[in-house]
Amino acid sequence: MQKTKAFILGLDGGTWDLLDPLIAEGLLPTFAQLRKESASAFTSTTWPAHTGPGWATFVNACMPGQHGIFQFFHTQDPSYRGRIVGTREYGRESCWQWAAAKNLLLGLVNIPMSHPAVPLPGYQITWPLKQTTSYSNPQHLLGDLSRNGCYFQSDLATMYRGDLNYIDHAVKFVPERMRAARYLLQNWNADLFTIVLTEADRVCHHYWQFSDPSHPLYEPDAPPRYISAIRTIFSLIDTELGETLKLLPDDCSVIVVSDHGFGPGHRSLAANTVLQKAGYLKTAPAATALPEIASWFTENGKTIDWENTRAYMAVPGSYGVNVNLHGRQIKGTVDPQDAERVLAEVTEAFRAIRIPETGKPAFLQILRREEAYPGPMMEQAPDLLLVPADERLMVTPSFGQEWTWSYQTGLHRHEGMWMHRSPNLKSGRLPHRIRLIDVLPTLFEDLGFDASSAFQGKPVSSVFSHAAPGTSADDLQQGPPAATDQDELEAADLTERLKAMGYL
């Protein structure tokens with residue numbers, strides 16, 4: 001078997017704010033030893049802190065304005081559809097394609113925004129957002145896993161379904177996934193192996209209130225397995241990681257990285273209700289809904305009346321607002337020459353919003369996309385980005401009750417975590433955050449490649465114990481992979497499933 005040069009564990013929702021205290025308690029011995037031997041830091045992530053743009057940012061080593069993924073769905077679909085995005089929408093070649101050009105074999109497993117598979121040397125298990133049996137490359141990979149006792153379900157099939165008994169399933173999913181990872185490491189060649197575990201994200205979203213006495217929905221008398229759910233899932237990941245590290249060569253580079261952090265979630269604001277009250281959005285009977293319209297634009301027997309709507313929240317989880325622009329949207333009502341005025345008025349409408357309990361402004365900033373998402377893919381981004389002043393606030397596209405308690409009691413944070421163990425790196429916690437876009441360029445530098453000019457992200461030079469040997473880096477070719485199939489639209493129940501998982 002070919003020797004593994006690098007192993008990456010992606011933690012969807014990993015954060016030092018959770019891991020450091022659990023390490024101090026002795027609950028995470030594998031993470032404790034790895035942290036001791038690694039360079040580590042908090043990371044700055046994307047705005048918003050979300051799984052879709054987060055992992056796309058990681059694998060492209062550039063920010064969303066460069067790669068074009070702003071959520072799980074296209075945020076500027078002209079027909080208001082829930083158009084699923086993935087590798088076809090990437091505005092540039094990914095780090096994986098750059099690595100392939102350096103003759104590295106890749107093993108890529110369960111990485112969000114990796115479907116459909118892009119031709120790469122090695123193997124892939126992708127992350128589809130629709131039910132499918134075609135999520136591996138080569139196709140017989142899943143069968144090989146199954147025949148060897150490693151049944152690997154797509155991530156969508158292992159979702160949180162609104163039932164708090166999910167923790168009983170999550171503690172089975174993690175070992176199943178890592179058992180498959182160990183089989184692949186031992187039986188399928190890969191120089192660089194990456195797997196993402198999403199279970200911690202879902203547990204933190206829906207069990208936070210059981211272990212946080214300061215949470216307004218705290219339930220001290222909840223079943224013990226709910227109270228300990230967050231500790232349990234991280235402890236299990238720690239154990240499985242420990243077993244996996246035993247298979248790796250001593251000089252294998254090891255990285256643990258997250259797409260975002262986590263903290264409590266308290267309030268939820270219905271953005272389309274704000275727009276409706278301010279006179280920018282109108283509703284009509286649901287029976288008048290446009291064909292194939294995204295499900296979040298129809299609610300409680302009503303749908304958005306596009307011919308009388310000037311602004312709307314684009315996509316759940318995007319924290320983005322669009323002008324209903326004539327010539328861009330099929331029912332656009334705002335003349336392009338009036339767009340700036342409408343954007344300014346909508347900005348003021350959201351600036352006026354105050355959090356009920358404190359009376360403080362709900363938003364720290366309201367950014368034009370030119371400020372939030374500079375780059376060649378900016379035109380695919382929402383027109384405005386709402387940046388909450390309090391990260392305990394969720395913003396949804398609902399046009400129901402304006403303020404409610406967040407149905408996710410844990411919410412994403414804009415600060416993730418990273419650690420990188422290698423003979424070429426100095427151990428220790430950096431006093432400053434690094435950027436998520438710098439993680440893979442740092443790994444490539446560690447492996448002996450000069451990645452300094454290939455990506456928007458740059459190697460973190462301060463962590464190297466000596467100058468890593470470099471080779472010349474080729475410029476990345478621009479442009480997304482060619483689309484060969486029709487657009488993938490959300491299935492009838494996809495949005496509810498993603499909402500239950502904690503993604504929307």
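## Buried or exposed

A residue counts as buried when its relative accessible area is under 20%, and as exposed when that area is over 50%. Keep those cut-offs in mind for M113: its relative accessibility is 2%, so M113 counts as buried. What you're looking at is a predicted model, so every value here is computed from predicted coordinates.

## The overall picture

Let's start with the whole chain. It has 504 residues, and its radius of gyration is 22 Å; a compact globule of that length would come out near 23 Å, so the two agree. Along the principal axes, the C-alpha atoms fill a box of roughly 65 × 55 × 45 Å. The secondary structure adds up to 15 helices and 22 strands.

Buried residues make up 61% of the chain. Take the contacts with a separation of 6 or more: 71% of them come from residues 24 or more positions apart. On the outside, the accessible surface is about 19000 Å², and carbon and sulfur atoms account for 50% of that. As for charge, there are 43 positive and 55 negative ones, and their mean positions sit 2 Å apart.

## Two nonpolar cores

In soluble globular proteins, nonpolar side chains tend to be buried together. Here the largest nonpolar core has 96 residues, and the members that touch the most others are F58, W96, F350, W418 and F444. A second, separate core holds 60 residues, including L34, Y183, A229 and L236.

W418 is a good one to click on. Setting aside residues up to four places away in sequence, W418 touches a long stretch of partners, among them W16, I255, V256, V257, L430, I434, V439 and V463. A39, S40, A41 and T43 are also among the residues that W418 touches.

## Odd backbone spots

Most residues other than glycine have a negative phi, and most peptide bonds are trans. Where does this chain depart from that? One place is the bond joining W47 and P48, which is cis, with omega about -5°. P48 lies in the loop between strand 2 (39–44) and helix 3 (51–60). Another is the bond from N137 to P138, also cis, with omega near 5°. P138 sits in the loop between strand 5 (136–137) and helix 6 (141–147).

Then there are the positive phi values. N103 isn't a glycine, yet its phi is about 70°. You'll find N103 in the loop between helix 5 (95–101) and strand 3 (106–109), and at 69% relative accessibility it counts as exposed. M113 isn't a glycine either, and its phi is positive at about 70°. M113 is in the loop between strand 3 and strand 4 (122–125), but this residue is buried, at 2% relative accessibility.

## Buried residues in loops

L120 belongs to the loop between strand 3 and strand 4. With a relative accessible area of 15%, L120 is buried. Which residues is L120 in contact with, leaving aside its neighbours within four places in sequence? They are W96, Q97, A100, L106 and L108. The C-alpha atoms of L120 and A99 are 9.4 Å apart, with their positions 21 residues apart in sequence.

L281 is in the loop between helix 11 (271–277) and strand 10 (283–285). Its relative accessible area is 0%, so L281 is buried. Beyond residues up to four places away, L281 touches N272, L275, Q276, I304, T309, A311 and Y312. L281 and D305 are 24 residues apart along the chain, with 7.5 Å separating their C-alpha atoms.

## Buried residues in helices

V342 is part of helix 12 (residues 339–351). Is V342 buried or exposed? At 1% relative accessibility, V342 counts as buried. Not counting residues up to four places away in sequence, V342 touches Y280, R310, V323 and V334. C62, on the other hand, is 280 residues from V342 in sequence and 31 Å from it in space, C-alpha to C-alpha.

E240 lies in helix 10 (residues 229–245). Although glutamate is counted among the negative charges, E240 has a relative accessibility of 10% and counts as buried. Apart from residues up to four places away in sequence, E240 touches V174, P175, M178 and R182.

Technical notes:
Residues are numbered from 1 along each chain as its sequence is written. This is a predicted model: local features need pLDDT of at least 70, side-chain atom pairs count only at pLDDT 80 or more; totals for chains, interfaces and linings use all residues. Side-chain values use heavy atoms; hydrogens and water are left out. Helices (H or I, at least four residues) and strands (E, at least two) are DSSP runs, numbered from the N terminus. The radius of gyration is taken over C-alpha atoms; the globule rule is 2.2 Å times the number of residues to the power 0.38. Buried means under 20% relative accessible area, exposed over 50%, partly exposed in between (1.4 Å probe, protein chains only). Contact means heavy atoms within 4.5 Å. Accessible areas come from the Shrake-Rupley method with a 1.4 Å probe; for residues, only the protein chains shown count as cover. The place of a charge is taken as NZ of Lys, CZ of Arg, CG of Asp or CD of Glu. A nonpolar core is a set of buried Ala, Val, Leu, Ile, Met, Phe, Trp, Tyr and Cys residues joined through side-chain atoms within 4.5 Å.
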